[in-house]
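Biologist: I should like a close look at one part of this structure, followed by an account of its surroundings. Please treat the matter in a single connected answer.

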Amino acid sequence: MKKHSLVIHGGAGTLVKGLMTPEKEEEYKAALNEALEKGYAILENDGSAMDAIETAVNYLEDSPLFNAGKGSVFTNDGTHEMDAAIMDGKNLKAGAVSLITGISNPITLARDVMEKSDHVFLAGDGAMRFAKSLNYKLESPEYFYDEHRYQQWQNIKDSDTFELDHSMKKEGKFGTVGAVACDKNGNIAGATSTGGMTNKKWGRIGDSPMIGSGTYANNKTCAVSCTGSGEFFIRGVVAYDVSCLMEYKGMTLEEAASEVINKRVLEIGGDGGLIAVDANGNIAMPFNTEGMYRAFKTSEGKKEIDIYKI
């Protein structure tokens with residue numbers, strides 16, 4: 001059996017040590033730990049990488065602390081539009097959804113697109129009709145209501161400004177959650193879920209649901225989930241770029257991930273981070289911001305939960 005590992009993230013950004021209360025910091029770390037342990041337990045019990053990442057992301061989607069699922073931010077119209085994508089490195093199958101509302105776990109709907117339709121990417125009304133055909137329960141707007149998120153929106157809703165999750169003075173964060181895993185069979189998978197930008201307009205879609213930009217997985221190279229300034233990650237085809245550097249330049253996972261985040265994304269004006277794993281269970285978690293909510297656990301007994309740069 002190969003080394004197995006799970007890596008998760010809850011977004012990157014201007015997370016400066018000292019700006020967050022110790023209580024809030026512990027709350028985030030506890031949520032990351034719970035998501036990590038739930039997902040890792042599946043790997044430990046001979047489960048698939050796909051099941052592990054879906055379980056971990058589901059937990060983060062159910063937490064109001066993260067901008068995905070229940071904790072999704074408000075759009076300019078006062079609604080919640082969510083995006084998600086998942087990819088299986090074993091066969092390059094993928095599923096993605098965008099501009100969906102009322103779905104508590106968008107990543108599960110993305111997986112259903114992959115497994116129960118002939119398509120990869122469904123959006124808006126069509127994605128909702130697909131969900132209803134599978135008898136998804138639609139949550140009311142109250143389910144997604146969070147006072148902190150509401151106040152963020154109130155502060156800018158009459159302007160043309162948009163914000164990346166909670167941009168309070170120096171505390172700006174790219175609100176995305178994600179997971180990547182390598183199971184005991186050496187299969188890898190990646191998943192990303194997000195509530196997008198506060199006050200976003202016109203059906204804006206970021207990199208998270210775009211296969212190759214915010215999410216990618218291929219057993220030959222790596223599985224990647226990104227968090228950052230979405231427009232730049234789309235233009236840089238960031239997740240696939242990491243895979244390409246490994247496949248065509250022979251870089252290690254660590255080298256490729258660092259090259260993309262610490263050089264290529266910065267060169268075009270973007271910032272953020274990513275988590276990645278290869279088929280040998282190696283992991284990488286580079287970010288070029290002050291912090292990134294992140295955690296990992298491996299079968300070698302290594303485990304870490306961090307927010308700030310070390």
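Biologist: By class, how many nonpolar, polar and charged residues does the lining of the second largest pocket have?

Modeller: The model is a predicted one. In it, the lining of the second largest pocket comprises five nonpolar, six polar and one charged residues. The nonpolar members of that lining are Phe-74, Met-128, Leu-138, Pro-141 and Phe-144. The polar ones are Gly-78, Thr-79, His-80, Thr-101, Gly-102 and Ser-140, and the charged one is Glu-139. The volume of this pocket is about 170 Å³.

A helix pair may be considered next. Helix H2, residues 49-62, and helix H3, residues 106-116, have axes that come within 8 Å and cross at roughly 145°. From H2, the residues Met-50, Asp-51, Glu-54, Val-57, Asn-58 and Glu-61 take part in the contact; from H3, they are met by Pro-106, Ile-107, Thr-108, Arg-111 and Met-114. By class, the residues of this contact are five nonpolar, two polar and four charged.

There is also an open sheet of four strands, ordered S8-S9-S10-S11 and paired in antiparallel fashion. Strand S8 (215-217) and strand S11 (283-284) each have a single partner strand and stand at the edges, so one side of each lacks a neighbour in the sheet. S11 runs antiparallel to strand S10 (residues 272-278), and two bridges join them. Within this pairing, Ala-276 has Ala-284 in S11 as its bridge partner. Helix H8 (residues 253-267) packs on the sheet, where it touches S9, S10 and S11; the direction of H8 makes about 165° with that of S10. Helix H7 (residues 238-249) lies across S8, S10 and strand S9 (222-228), and runs at about 145° to S9.

One further residue deserves attention. Ile-234 belongs to helix H6, which spans residues 230-235. Ile-234 has a relative accessible area of 24% and is therefore partly exposed, as this value lies between the 20% limit for buried and the 50% limit for exposed. Apart from neighbours within four places in sequence, the contacts of Ile-234 are Ile-205, Gly-206, Asp-207, Met-210 and Ser-213. Asp-62 lies 172 residues from Ile-234 along the chain, and the C-alpha atoms of the two are separated by 26 Å.

How values were computed: Residues numbered from 1 in each chain as written. Predicted model: local features only at pLDDT ≥ 70, side-chain atom pairs only at ≥ 80, totals over all residues. Heavy atoms only, no water. 1 Å grid on protein atoms, 1.4 Å probe; cavity = no way out; pocket = protein on both sides within 12 Å on 5 of 7 lines; lining within 4 Å. Points joined across faces, edges and corners; volume = space filled by probe spheres on them. Pairing = 2+ DSSP bridges. Contact = heavy atoms within 4.5 Å. Axes fitted to C-alpha atoms, helices over the stretch in contact; angles between N-to-C directions. Buried < 20%, exposed > 50% of the residue type's maximum accessible area, 1.4 Å probe, protein only.
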